[in-house]
Structure formats: structure tokens, C-alpha cells
Amino acid sequence: MRNLTFKAACRNLYELSRRGSLALLVHARPDGDCIGSAFALRKLIRACGGDARVICPNDLPKRLRFLASDSLYMGEDEEPCNTRFDPETDLSAYDRIFSIDVASPVQLGDLAALIPHISFMIDHHGMGEAFAKNYIDPTASAAGEIVYRLYTELKTRGVIGEVPEASRRMYASIVCDTGSFKFSNTSPDTHMAAAELVREINHADDGGMDTADVCRSLFGQRTLKELTAQMLAIQNLRFYENGRLGAVLFTQQMLADAGLTEEEIGNVVDTPRGVEGVLIGISLRQLAADPTQYKVSSRANTEIDCASVCANFGGGGHVRAAGCTVTADTPEEALARMAEAFGAAIREAKGE
């Protein structure tokens, strides 16, 4: 699939987005970058004179739904403006279909059937499978950073003015995917984009959230269920490769016994990753729809290529942050396969 230059991507986005109604597809189990970038882009499309609807294969996490409300104002509790999509009845309602922050068809879940109809994809993952004409920039810290560049270009051209409601979402997107600027994907360009967004958001005279409000909503509070999930993760930590690989496994039975849902597990991969001496942290979650399948997330604390490991299982992502799905007859088999795969990556990186 053809990868456009940035200028061509801007032109393509503007020309396509102002022609009627647009559907924006995002990946299953969406994170802050996915939701923030999609709803920021929706705001920009509407500012250009078009209309858009964000469509996700499943429900948005409760803690991130504020990014999907039609406006980000403290104290408001609006229904998220994303809704499910029925390809058989809804396809005719849209003139164009885009995707954002989707690296490969498998990430679209049931919406993968729409790939032949997708006009344009925007993504920032280095490992993936392009499925439409695209703009993919692995140097961007987040899909939201790419949206920021598009936003800057549209303002420079005089197409639109400042859109603080989009900026709040872009900022949230970048903050989430950089781990509050702690991860190695944070570049000088990332900081400069964030600085300009902070300026615009905090000087906006529209009654909306400032950047402190956005970060407080993202990170400032956790539910009792989320703390329970973290406790369960700590209780079930496993270590391999002389403590250099940390892992945690969640089965459906474990979740049921703890009274947890899949949404409430959160980003538990950070638990094994945060242990002293661990180079790679991984988490496995047994899927309710098919108990022989396990969703895998991986995070590295050093330059070890998690994306290449995950690509061997049909997944992908970034060098230090990637995911995949593995099939196994038992939870222990799934864990053993991933421990061996990531353990091999550690040994190779260390020349062992």
C-alpha cells in the first residue's frame, strides 16, 4: 500500500474529509493515544467543514470516556459520541472511511471486514501491515503527534484557526503514549509539540479543561478494582532469564474470582516491567471469547526489539512496546511460549 509524504497526506486528508460524512475506525481495546487522536481528528475534520464519527470494535474504557464526550468541560457528563458499526446496514451512511492508530488488520477485530472500503490510514507503529493508502511515521511518539502536525499544517495554510477541543485530545494522546514523557519514544519534536499544545490549551478562553485537568483525569485517580488488579498482578509475578524477564498471567477464572472485568485490569504490563533488574515485562490475558487465545503486551526497559518478537505471532508495535495474540491449549503453555520467545530476544541482545 502506498505511503504518502506528509504534504500529500495533509492534502489527501483535507480533500477527503470535507466531502460528506466520514467514519474513523480505531483499534480494539483502545488506549489513550487511540481515543485521543481519533477524537482530535474528528474535531479537525469538523473544523474543516466535514463530519465524522469514531467507531471502535468494543466499548471504550470508562476512565478514558471523557475524551470521547462532545466537549471537554469539567462537570459535564455526556454520552460518548462513538457508536458501534453494523457493516450490513451502516456502510452506506459514510462517504469515506479512515483508520487511525491501527497497525494491522487484526487490530480492527470484527471491523476488519471494512478494509476494502478504507480510503486512508494514519499510524505511527514501526511494525505492522498497511492495508490502505497511508501516512505512517514510526518516528512520531503517538498518533496524536501526527494529528498535531496535520493540525499545524492546516493552521499554517489558513484552513482553520485554533481548535482547543482538538488540542486537549492531542495532548492527552501524546501524554499517554509517552508515559508522561518517560518512554524512549519521546523526542525533541514531542516536547515542542507538547509545549505548543500546553500554551494553546491553558490560554484558551472557552471554559474547558486545562492541561492539569486533563492529566488529573487520565492519571490522578484509580478505582478500587484497578488497585485490586494491581495487587493480583503482584501476587502472580513470574521471573525468567535470571530476573531479566518479568511476566504476569491473567486467566478468566482469576478475573472471575477477583470480581474483575478485562477493562479493569488496566496496563498491568507495567507491574513486571517496573521491578528492578527486569529488561522486559510481559502480560498475558486469556480471552473470554476464545479461552485458547491470550492477548500479550510487552514493554522493554532497554533497546530490545519487542515488535519483532510480537511480529512472529502476527502482532507488532514499537521496538520497546508491542503486542500480539498467542494460541495455546493451557495458560501455562501460553506463558511458556512467550517466556521462551522474549527470553531468546534478551539473550540475543546480550550476545549470549
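Two strands are taken to pair if DSSP finds at least two bridges between them. That criterion underlies the description of the sheet that follows, which concerns a predicted model.

**The sheet**

Six strands form an open sheet with mixed pairing, arranged in the order β6-β7-β8-β9-β11-β10. Its edges are β6 (238–240) and β10, each of which pairs on one side only. Helix α12 (residues 331–349) packs on this sheet, where it touches β6, β7, β8, β9 and β11, and its direction makes about 160° with that of β8. Strands of a sheet pair through backbone hydrogen bonds, either parallel or antiparallel.

Three of the pairings can be set side by side, with the residues of each strand, the sense of the pairing and the number of bridges.

| Pair | Sense | Bridges | Residues facing each other |
|---|---|---|---|
| β7 (residues 245–250) and β8 (residues 280–286) | parallel | six bridges | Ala 247 and Ile 282 |
| β9 (residues 293–300) and β11 (residues 321–327) | antiparallel | seven bridges | Ser 298 and Ala 322 |
| β10 (residues 316–317) and β11 | antiparallel | two bridges | Gly 316 and Gly 323 |

Strand β11 thus takes part in two of these rows: β9 is joined to β11 by seven bridges, while β10 is paired with β11 over two. In β11, Ala 322 is the bridge partner of Ser 298, and Gly 323 stands opposite Gly 316. The strands β10 and β11 also form a hairpin, with three residues between them.

**Helix α8 and its buried side**

Helix α8 comprises the 12 residues 224–235, which at 1.5 Å a residue should span 16 Å, and the end C-alpha atoms are 16 Å apart, so the expected and computed values agree. Its buried residues are Glu 226, Thr 228, Ala 229, Leu 232 and Ala 233. Because these residues cover an arc of only 155° around the axis, they lie on the same side of α8. An α-helix has 3.6 residues a turn, so residues three or four places apart point the same way. On the other side of α8, Leu 224 and Gln 235 are exposed. The buried residues of α8 pack against β7, α9 (252–258) and α10 (270–273), and the strand β7 among these partners is also a member of the six-stranded sheet.

**The pair α5 and α6**

Two packed helices are described by the angle between their axes and the distance between the axes. For α5 and α6, the axes come within 9 Å and cross at roughly 140°, and the crossing is left-handed. On the α5 side, the contact is made by Pro 164, Ser 167, Arg 168, Met 170, Tyr 171 and Ile 174. On the α6 side, the contributing residues are Thr 190, Ala 193, Ala 194, Leu 197, Val 198, Glu 200 and Ile 201.

**Two residues with positive phi**

Most residues other than glycine have a negative phi. Phe 181, which is placed in the loop between α5 (164–177) and α6 (188–202), has a phi near 70°, a positive value in a residue other than glycine. With a relative accessible area of 25%, Phe 181 is partly exposed, because its value falls between the limits of 20% for buried and 50% for exposed.

Arg 29 likewise has a positive phi, near 50°, and is a residue other than glycine. Its place is in the loop between β1 (21–25) and α2 (32–47), and at 36% relative accessibility Arg 29 counts as partly exposed.

How values were computed:
Residues are numbered from 1 along each chain as its sequence is written. This is a predicted model: local features need pLDDT of at least 70, side-chain atom pairs count only at pLDDT 80 or more; totals for chains, interfaces and linings use all residues. Side-chain values use heavy atoms; hydrogens and water are left out. Helices (H or I, at least four residues) and strands (E, at least two) are DSSP runs, numbered from the N terminus. Buried means under 20% relative accessible area, exposed over 50%, partly exposed in between (1.4 Å probe, protein chains only). Contact means heavy atoms within 4.5 Å. Axes are lines fitted to C-alpha atoms, for helices over the stretch in contact, and angles run from 0 to 180 degrees between N-to-C directions. The expected span of a helix is 1.5 Å times one less than its number of residues. The arc is that of the directions from the helix axis to the C-beta atoms. A crossing is left-handed if the near helix is turned anticlockwise from the far one by less than a right angle, and right-handed if clockwise.
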